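Hello,

Here is the structure I promised to pass on to you. Have a look at it first, and my notes on what turned up follow below.

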Amino acid sequence: MGLFILRRTGVMILTALCLTFIVFFLTNLYPNLEKLAKTQGNFRMTDEAVTSWLNSNGYGQPTAVKYGQWLGVLPGWTLTTDDGETGRCITGVVSADEAADAARFCGILQGEWGFSTRFKDDVASIVWERLGNTGYLMFWVLMLMVPSALIIGVLAGMREGSVTDRSLSTVSILTTATPEYVSGVIFIAVFTSSTVGLKWFKGTATSAMDNPTFENFFLPVLTIALYGMGYIARMTRASMTEVMTAQYIRTARLKGVSFHNIVLKHALRNALIAPFTVIMLQFPWLLNGVVIVETLFNYKGFGWILVEAAGNNDIELLLAISVVSVFVVLVTQLISDIGYVYLNPRIRIS
Amino acid sequence: MNKLAEYDGPILEIDKLSISFFTRLREIPAVMDFSVSVQPGEAVGLVGESGCGKSTVALGVMQDLGTNGRIVGGSIKFKGRDLAEMSAEELRDVRGNEIAMIYQEPMASLNPAMKIGRQLMEVPMIHEGVNEKEAHARALEVVTDVRLPDPERMLNSYPHQLSGGQQQRIVIAMALMSKPSLLILDEPTTALDVTVEAAVVELVKDLGKKYGTSMLFISHNLGLVLETCDRLCVMYSGEAVERGSIADVFDEMQHPYTQALFRSIPLPGADKTARPLVAIPGNFPLPHERPNGCNFGPRCDYFEAGRCDADDIMMSDVPGNDRHATRCLRFQEIDWNAPIQVGEQKEKTKPGKVVLKMDNLKKYYEVAANALFGGGATKVVKANETLSFEARESETLAIVGESGCGKSTFAKVLMGLETATEGAILLDGTNIEQIPIEARDTKTISDVQMVFQNPFDTLNPSMTVGRQIIRALEIFDIGDSDQDRKQRMLELLDLVKLPRAFADRMPRQLSGGQKQRVGIARAFSGGARIVVADEPVSALDVSVQAAVTDLLMEIQREEKTTLLFISHDLSIVRYLSDRVMVMYLGHVVELGDTDQVFSPPYHPYTEALLSAVPIADTSIEKEHIVLEGDIPSAMNPPSGCPFQTRCRWKSEVPAGLCDIEVPPVRQLETGHQIKCHLSDAVLDRMTPVIKVAAE
Amino acid sequence: MDPLSWTGQIAFLNPIIALALGLLVASVLAWVVVSAVLPENRAINDIGGTMTLASGPRDIAALAVRLTTLGTTVLALAYLVLGLALGTDAGILGAMAQQFWPVWTALVLLFTLSIAFKRRLGLYGKLFDSPIGMIGFALVMFWVFTGFFGAIDLIITHDPLSQLSGLKNKVPGTPLRSPEDGDFLWYLLGGDNLARDVFSRMVKGAWEVVKIAPLATIFAFMVGITLGLPAGYFGGRLDTFLSFLANLILAFPVILLFYLLVTPEIVATGLPQYMAAVLFAFPLIFFGVLINSRYRTQPSKNYLWLAIVLLPLLVAYFSLINEDGSKINFIPQAFDLFDIPGGILVVFVSVVFVNSPTVFRIVRGLTMDIKTRDYVAAAQTRGERPWYIMLWEVLPNARGPLIVDFCLRIGYTTILLGTLGFFGLGLPPESPDWGSTINEGRKLLSIYLHPALPPAMALLSLVLGLNLLADGLREESLKD
């Protein structure tokens with residue numbers, strides 16, 4: 001088991017390195033850098049001016065070297081000019097002595113995430129703050145989505161073809177067919193607009209960042225949860241119907257176990273193995289939903305800064321965001337693997 | 001508590017039961033007008049081929065027919081109470097408490113995510129409301145009763161940690177937890193190896209006596225029913241066709257189907273040249289295409305038009321016998337003792353020159369010690385150890401062994417799907433053991449072909465039959481044009497006695513036997529000279545088995561093919577093979593002519609194997625040899641002789657030699673060799689396992 | 001000109017349908033409650049086996065649901081038929097019903113023919129045995145036909161890009177202020193904030209989806225199949241490597257990927273074009289190997305078929321990836337038959353890129369399952385090459401789950417396209433695709449509902465249809 005986790009972690013780190021390198025490569029392509037130079041300098045820069053700006057800010061080096069520096073495994077670049085020393089790990093232009101005192105490595109491994117050009121602030125603090133907002137949102141999404149999806153799935157799957165099954169399956173198909181930007185729009189239209197006039201909820205969740213209430217926070221949570229819920233519920237249902245037709249359920253039934261106990265004691269655990277993995281693998285998609293919903297409801301969280309960073313060519317911030325999201329996704333995958341092994345005695349004890 | 005005390009009539013009375021399944025299109029009758037009764041302490045066998053409705057009867061008794069199934073007529077009385085009129089509550093009380101059931105697939109019938117102890121304890125806890133401690137004690141007791149080693153540890157395991165035989169014992173234990181008055185066994189040993197099956201059957205018989213349980217034993221195997229039951233009921237196409245005591249039905253059968261069934265199974269007297277099997281002509285009717293009158297009519301030798309196909313036929317009692325009834329109008333007119341009309345007797349073919357020679361063939365696999373978690377450690381699995389034999393032209397060499405004996409690995413190496421680790425395979429004197437199939441020339445490939453076990457899997461479901469044969473012809477470079485190959489394909493269909501119209505059919509439109517015929521046609525399409533038949537008939541119904549076996553023999557005679565017949569069924573091996581090779585855990589433990597292998601001296605394993613095979617003949621006396629335990633895993637074989645863990649002769653070998661050393665190959669007579677430490681004196685003491693009782 | 005009301009002269013039907021809908025909802029609820037509360041009735045038969053028509057509360061509830069469903073359906077049809085007959089006299093609904101006449105005709109034709117010949121049409125025919133599948137198929141085909149006929153300017157009432165003065169954010173049914181001859185006189189579903197016709201934009205948007213989503217899904221399947229088969233069949237290092245790649249892409253948050261791929265700066269580097277060159281090569285590989293493995297033993301036939309199939313594909317391939325004035329531009333203009341607008345190409349590539357790893361995983365799993373079958377072993381023992389086994393023995397037998405997933409995946413691709421539009425990525429800003437329209441409409445959502453809701457409902461119904469279709473197919477394919 002220990003070895004298994006170790007191997008998985010190894011693969012996970014390799015994946016993270018590959019992914020961050022891809023993001024790094026894409027964000028550091030020349031047109032992006034050129035745009036960066038022009039936004040930082042001025043828009044009428046000549047090509048030579050752009051090149052010299054890039055060189056003097058360390059962007060002229062090969063991508064692999066830059067990646068190493070960003071990661072913190074290669075020493076940060078330094079440049080000696082007439083005014084003094086400057087470099088990746090040095091703020092502004094300083095004298096040679098001061099430069100010698102500065103850290104040699106300053107990448108994300110050292111906790112240096114860089115500086116956001118969009119927010120004019122330290123990347124780490126921005127990401128940290130926004131992540132908190134989103135974490136809060138996600139927590140409630142999961143609290144709503146997972147139990148209701150499992151209950152729907154189990155109820156539907158326990159008697160295949162019954163009325164409960166058909167009605168609940170219809171509901172879950174409907175929710176999987178409704179992406180967040182559709183359900184969000186419909187919810188806003190129905191529950192918040194003056195045209196319909198129900199006005200039960202608030203159309204934006206901006207105020208929820210400081211003071212989340214049911215009124216301003218429920219719709220975004222519901223919007224994300226609904227889309228994922230149908231999918232998980234259908235998985236659970238499929239798994240549950242399969243288990244309910246298994247021979248060992250018949251054995252239990254013919255042992256005289258009551259239906260209630262068959263479902264709870266015999267079927268449930270076996271039926272939950274598959275959906276568990278699904279829930280964990282939902283995270284990359286949930287992130288999608290987060291971005292849409294945060295945009296739609298104007299909730300300034302992680303998804304919102306993603307859009308801002310990407311829209312404003314904020315390279316350092318974008319890199320940090322991808323590191324965080326890749327990390328979240330990979331960790332959930334790891335948990336899903338471990339949980340699968342734990343839930344399934346056939347694999348655990350072999 | 002004794003549940004028999006208050007009631008002394010028949011335990012189970014099924015009267016004119018009819019069960020149908022309802023689909024959107026039509027009603028499909030599965031069981032019609034079926035009656036049987038089970039007296040206290042009696043074991044009743046229910047015999048029939050697949051699809052005859054025998055399992056439906058069992059589920060009907062359990063009142064568990066699913067949403068589509070319904071009892072449309074008749075009654076099922078358990079101890080005088082009609083099961084169909086019980087409320088769900090009452091029914092739950094009966095299930096598992098008074099009627100228990102044992103199924104075909106032990107692995108599937110145990111909950112994979114629940115410890116065995118829990119699953120056993122559940123029964124008394126539900127039905128008798130006992131506390132956990134007592135339930136645990138009871139579970140321990142029953143697990144000891146089913147002779148499982150280390151009961152405590154068993155209770156603490158998950159099902160997947162046990163072998164198939166152990167799982168089936170657990171299922172039996174679970175059924176016996178509440179000391180039921182009726183035990184329904186639905187093909188309880190089909191998924192098990194022969195020697196394990198023998199032990200389980202023995203156990204069921206003993207426990208049935210010990211607990212005084214009545215049994216309804218469902219099986220397709222007449223031999224097994226003979227060994228376990230007091231009475232039996234033969235079913236055909238949803239109806240009971242004959243019912244009576246074992247002795248009456250086996251020795252004075254009164255229904256043409258029963259007779260045909262007995263003639264199509266290879267009993268010890270059968271011989272492929274002198275007394276060939278008689279296959280039942282035609283096919284099993286589909287449930288919605290049953291003929292008028294007698295369901296067996298179209299396949300019956302005694303069919304009389306206008307009479308047998310007029311009205312529904314009722315069961316009638318056979319005078320003079322004990323509760324013996326048959327569903328045949330003509331049973332009193334038929335001369336049941338008339339000798340079998342022997343078809344054409346065939347000339348026994350002489351084996352020709354040696355075509356295939358194996359010399360010290362070894363195949364080892366390296367596998368990761370722990371499949372999921374990976375890791376560096378690997379284990380060597382010795383799938384084949386020093387395999388040596390020769391096979392001649394038009395000879396049938398049977399390879400006998402249970403699961404894990406290495407027969408499939410051997411086939412793979414021969415076919416070139418794997419390459420040998422050591423040793424040589426000579427095909428016409430050329431080494432082929434290191435040539436993988438991609439590197440073999442077309443001639444070699446088409447010379448060595450294979451017939452597979454599972455008829456439902458052997459054909460590609462999305463290609464027509466004709467197309468699949470033509471593809472084989474294309475790949476074997478036969479025929480110059482598409483027209484040519486099409487002609488050849490039709491001829492091949494003729495060869496395997498299938499109508500030419502089948503060329504355009506999809507495999508799902510064919511029955512199991514027909515698919516197997518196509519498989520044979522495909523194997524012979526390139527003029528194969530060596531055919532490996534991997535249990536080609538074991539998945540087929542008894543009545544079809546004979547026809548397919550005969551077909552194979554016939555083609556072999558015509559084409560002078562060398563047939564390597566892999567099987568675990570010694571009856572059929574004795575019937576058709578010229579020489580027999582017995583394998584156990586990768587070793588050839590015995591090799592010789594059929595007569596040599598089937599008569600003493602035996603290798604101890606062969607002896608046990610012979611004893612384990614059920615034989616459907618009341619005149620046969622068998623010595624009972626029950627092997628302890630299961631077949632060891634090939635991943636972790638025992639030291640010394642592979643068979644030493646289960647050998648009953650082990651004590652006869654001095655100095656514990658069996659534990660230490662793999663026995664050498666010993667020549668007994670010409671061509672007869674065994675791998676055993678037993679001295680000649682001990683071997684000479686062996687007596688035949690199967691004896692025909694003196695007439 | 002008066003503004004149109006929703007139902008015009010057929011307004012008398014409104015209370016009836018409201019009543020019917022209310023009853024339907026009530027009966028469904030009653031049904032659910034009854035079947036949840038009452039215990040499952042055990043079928044106790046009277047001897048003789050006659051099945052009497054049971055009349056418990058369950059059956060009554062079921063009957064009620066059936067009746068109210070029937071009633072509501074009949075009423076809905078009445079709206080449709082009356083609308084077709086009366087046109088604008090039957091209000092906005094009537095006018096829309098009339099505008100959609102080519103779609104109705106096509107649907108009726110398609111369904112009549114299909115049902116008439118359903119026994120001869122294999123799995124497609126069996127679809128018409130499943131009500132769920134039929135509803136789904138009808139929804140899907142409705143939008144497919146709408147897309148086609150919309151593309152040839154049949155259904156739309158106005159040019160989806162032209163702005164008419166005075167119609168900015170006007171409610172549905174608003175008449176044009178100064179109609180010219182031949183103009184349709186109303187904005188059926190109102191005007192958006194640039195005074196364009198919402199109805200026509202919705203109809204045109206269907207075409208955007210219909211032309212991209214299925215094609216992109218087919219490409220994703222080609223990639224997934226071509227890589228998934230060998231990964232599942234051979235296993236080992238190849239499998240480890242390909243699975244790692246697939247997981248890599250799957251671990252990427254889709255939005256981030258889109259933002260990284262679809263920005264103009266990245267497009268300028270030519271990266272999407274290189275990706276297109278790789279991804280679009282897979283159909284070529286797929287068909288090449290498919291034919292070659294089949295006719296390996298008959299060279300003359302082999303070359304003939306290869307030529308017939310691969311030459312047109314090659315021309316299409318080079319035309320597709322080659323674009324004047326971009327990074328890939330090495331083919332003479334004469335051979336470059338067509339160009340894909342840059343934005344569409346990028347969208348296309350990224351959607352294929354995101355979808356293929358999932359297809360890969362499905363195909364890989366199915367292959368690993370099917371390769372243990374005896375017929376695969378039979379093919380091996382007669383010396384078939386691996387690619388023949390993969391493409392002709394394994395793939396056809398994996399078709400059931402793949403067809404079902406194909407339907408689901410088109411739905412998913414539709415959602416992805418919407419997402420791209422919603423973030424304004426890739427597609428041109430004035431594009432009438434549903435995602436972009438929803439995005440524009442949402443900004444004023446709390447005041448004006450009508451610009452955002454029609455495309456939202458359209459997208460919802462199409463994806464729902466695809467899901468139902470997949471469900472029906474799954475059910476029917478399991479019945480074999």
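How many residues of chain C are in contact with chain A, and how many of chain A with chain C? Please keep in mind as you read that this is a predicted model.

On the chain C side, 45 residues take part, and they touch 53 residues of chain A. Since you may want a figure for size as well: an interface is often described by the accessible area lost when its parts come together. Between chain C and chain A the buried area is about 4,500 Å², and 77% of that comes from carbon and sulfur atoms. The rule finds one salt bridge across this interface. D471(C) and R234(A) pair through their side chains in a salt bridge, with 2.8 Å from N to O.

Chain C also meets chain B. Here 34 residues of chain C and 41 residues of chain B make the contact. About 3,100 Å² is buried between chain C and chain B, with carbon and sulfur atoms giving 48% of it. Three salt bridges are found across the interface of chain C and chain B. K301(C) and D482(B) have side chains that form a salt bridge at 2.5 Å, again N to O.

Salt bridges turn up elsewhere too: a search of the whole structure gives 58 over all chains. Within chain A, E34(A) pairs with K38(A), and their closest N and O atoms are 3.4 Å apart. These two residues sit four apart in helix 2 of chain A, so about one helical turn separates E34(A) from K38(A).

I also looked at the pockets. The second largest one has a volume of about 860 Å³. Its lining is made of 32 residues, and those closest to the centre are Y59(A), R88(A), G114(A), F115(A) and E316(A). Several elements of chain A give two or more residues to this lining, among them helix 2 (30-40), helix 4 (63-71), strand 3 (90-94) and helix 14 (315-343). By residue type, the lining of the second largest pocket splits into 13 nonpolar, 13 polar and six charged.

Where does this pocket lie with respect to domain 1 and domain 2 of chain A? It lies between them, because domain 1 (2-112) and domain 2 (124-343) both give residues to the lining of the second largest pocket.

Happy to talk it through whenever suits you.

Best wishes

Conventions. Residues numbered from 1 in each chain as written. Chains lettered and ligands numbered in written order. Predicted model: local features only at pLDDT ≥ 70, side-chain atom pairs only at ≥ 80, totals over all residues. Heavy atoms only, no water. 1 Å grid on protein atoms, 1.4 Å probe; cavity = no way out; pocket = protein on both sides within 12 Å on 5 of 7 lines; lining within 4 Å. Points joined across faces, edges and corners; volume = space filled by probe spheres on them. Nonpolar A, V, L, I, M, F, W, Y, C, P; charged D, E, K, R; others polar. Domains from an automatic or database assignment. Contact = heavy atoms within 4.5 Å. Buried area = accessible area lost by both parts, 1.4 Å probe. Salt bridge = Lys/Arg side-chain N within 4 Å of Asp/Glu carboxyl O.
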